[in-house]
Amino acid sequence: MFFITFCGCIGALRENIRLLKTFSFSLTLVFLTQLAIAILGFFYSDQTRDALGKFVKKAIVHYRDDLDLQNLMDYIQKEFKCCGWNNYTDWSWNLYFNCTHENPSTERCAVPYSCCTPVPGETVINTMCGFGVQTQNFLEANKSIYPVGCADKAVMWIESHLLLVGALALGLALPQIAGIVLSQILISQIQDEITSVL
């Protein structure tokens with residue numbers, strides 16, 4: 001990014017055609033790469049979902065190992081009102097929440113507190129609200145936690161906020177397109193000045 005902005009800024013200040021062409025080419029390359037990734041992500045949505053699933057599975061497995069990852073998972077589960085990737089039993093992937101009889105952890109068969117539905121009027125968060133939930137069926141678990149997985153909730157959020165997602169994509173694309181067009185205009189003006197002097 002520094003290289004691209006350096007080429008654009010110095011190229012415009014010094015009216016250097018080579019730097020402006022480098023800026024324009026680099027910006028075009030970045031824009032086309034972003035466009036290709038967006039198109040591939042749209043057409044290969046199943047593979048994109050699988051890749052995100054692998055990331056979330058890794059985040060669940062290392063939930064207690066990395067505080068930043070733990071905070072990220074808690075934030076996602078609270079915001080989307082979901083638990084796990086497919087459903088709340090995905091937390092068995094985690095060493096501490098694993099629901100096997102060999103697991104000596106006190107959190108065996110539990111889910112993180114971020115999966116729990118808030119109790120109205122509760123001022124202190126009950127961090128033990130998800131204990132033993134993985135042994136319950138969907139209807140029983142639905143009384144105390146969000147049993148739906150984050151994959152479905154994320155898809156529903158994107159579908160219900162398509163206008164926002166489109167506006168965000170357009171907001172990122174327009175400055176890049178403007179930079180490309182304006183640099184090409186400046187290049188042609190500089191070349192016109194050079195030919196008129198000669």
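Is Cys-116 buried or exposed, and what is its relative accessible area? In this predicted model, Cys-116 is buried, with a relative accessible area of 10%. The cut-off for burial is under 20% relative accessible area, and this residue introduces the cysteines of the chain, which are taken here pair by pair after a word on confidence.

The mean pLDDT of the protein chain is 90, and 100% of its residues reach 70 or more. Among the elements, α4 has the highest confidence, at 93, whereas α6 has the lowest, at a mean of 85. Where pLDDT is low, predicted coordinates should not be read in detail.

A disulfide is a covalent bond between the sulfur atoms of two cysteines. With sulfur atoms within 2.5 Å taken as the criterion, the count comes to 4 disulfides. When the bonded cysteines are counted along the chain, the pattern of pairing is 1-8, 2-5, 3-4, 6-7. Three of these bonds are described below.

The partner of Cys-116 is Cys-129, and the two sulfur atoms of this disulfide lie 1.8 Å apart. The torsion about their S-S bond is about 105°, so the disulfide is right-handed. Both Cys-116 and Cys-129 lie in the loop between α4 and α5, so the pair ties together parts that are 13 residues apart in sequence. The two ends differ in exposure: Cys-116 is buried, while Cys-129, at 22% relative accessibility, counts as partly exposed.

A further disulfide joins Cys-83 to Cys-115, with an S to S distance of 2.1 Å. Its torsion about the S-S bond is about 80°, so this disulfide, too, is right-handed. Cys-83 and Cys-115 are each placed in the loop between α4 and α5, and the bond therefore ties together parts that are 32 residues apart in sequence. Cys-83 is buried at a relative accessible area of 0%, and Cys-115 is likewise buried at 0%.

Cys-82 is bonded to Cys-150, the S to S distance being 2.0 Å. The torsion about the S-S bond is about 85°, so the bond is right-handed. This pair links distant parts of the chain, 68 residues apart: Cys-82 belongs to the loop between α4 (67-80) and α5 (138-141), and Cys-150 to helix α6 (residues 150-160). Cys-82 and Cys-150 are both buried.

Two cysteines remain to be considered outside these bonds. Cys-7 is in no disulfide, and the nearest cysteine sulfur, that of Cys-9, is 10 Å away. Cys-9 is in no disulfide either, its nearest cysteine sulfur being that of Cys-7. A disulfide requires sulfur atoms within 2.5 Å, so a separation of 10 Å does not qualify. In accessibility the two residues part: Cys-7 counts as buried at 2%, whereas Cys-9 is partly exposed, with a relative accessible area of 46%.

The helix that carries Cys-150 also takes part in a helix packing. Two packed helices are described by the angle between their axes and the distance between the axes. For α6 and helix α7 (residues 162-197), the angle is about 75° and the axes are 4 Å apart. That angle makes α6 roughly perpendicular to α7. On the α6 side, Trp-157, Ile-158, Glu-159 and Ser-160 form the contact, and they meet Leu-162, Leu-164 and Val-165 of α7. By class, the contact comprises 5 nonpolar, 1 polar and 1 charged residues.

Conventions. Residues are numbered from 1 along each chain as its sequence is written. This is a predicted model: local features need pLDDT of at least 70, side-chain atom pairs count only at pLDDT 80 or more; totals for chains, interfaces and linings use all residues. Side-chain values use heavy atoms; hydrogens and water are left out. Helices (H or I, at least four residues) and strands (E, at least two) are DSSP runs, numbered from the N terminus. Buried means under 20% relative accessible area, exposed over 50%, partly exposed in between (1.4 Å probe, protein chains only). pLDDT is the predictor's confidence in each residue, from 0 to 100. Axes are lines fitted to C-alpha atoms, for helices over the stretch in contact, and angles run from 0 to 180 degrees between N-to-C directions. Angles under 35 degrees count as roughly parallel, over 145 as roughly antiparallel, 65 to 115 as roughly perpendicular and the rest as oblique. Contact means heavy atoms within 4.5 Å. Ala, Val, Leu, Ile, Met, Phe, Trp, Tyr, Cys and Pro count as nonpolar, Asp, Glu, Lys and Arg as charged, and the others, Gly among them, as polar.
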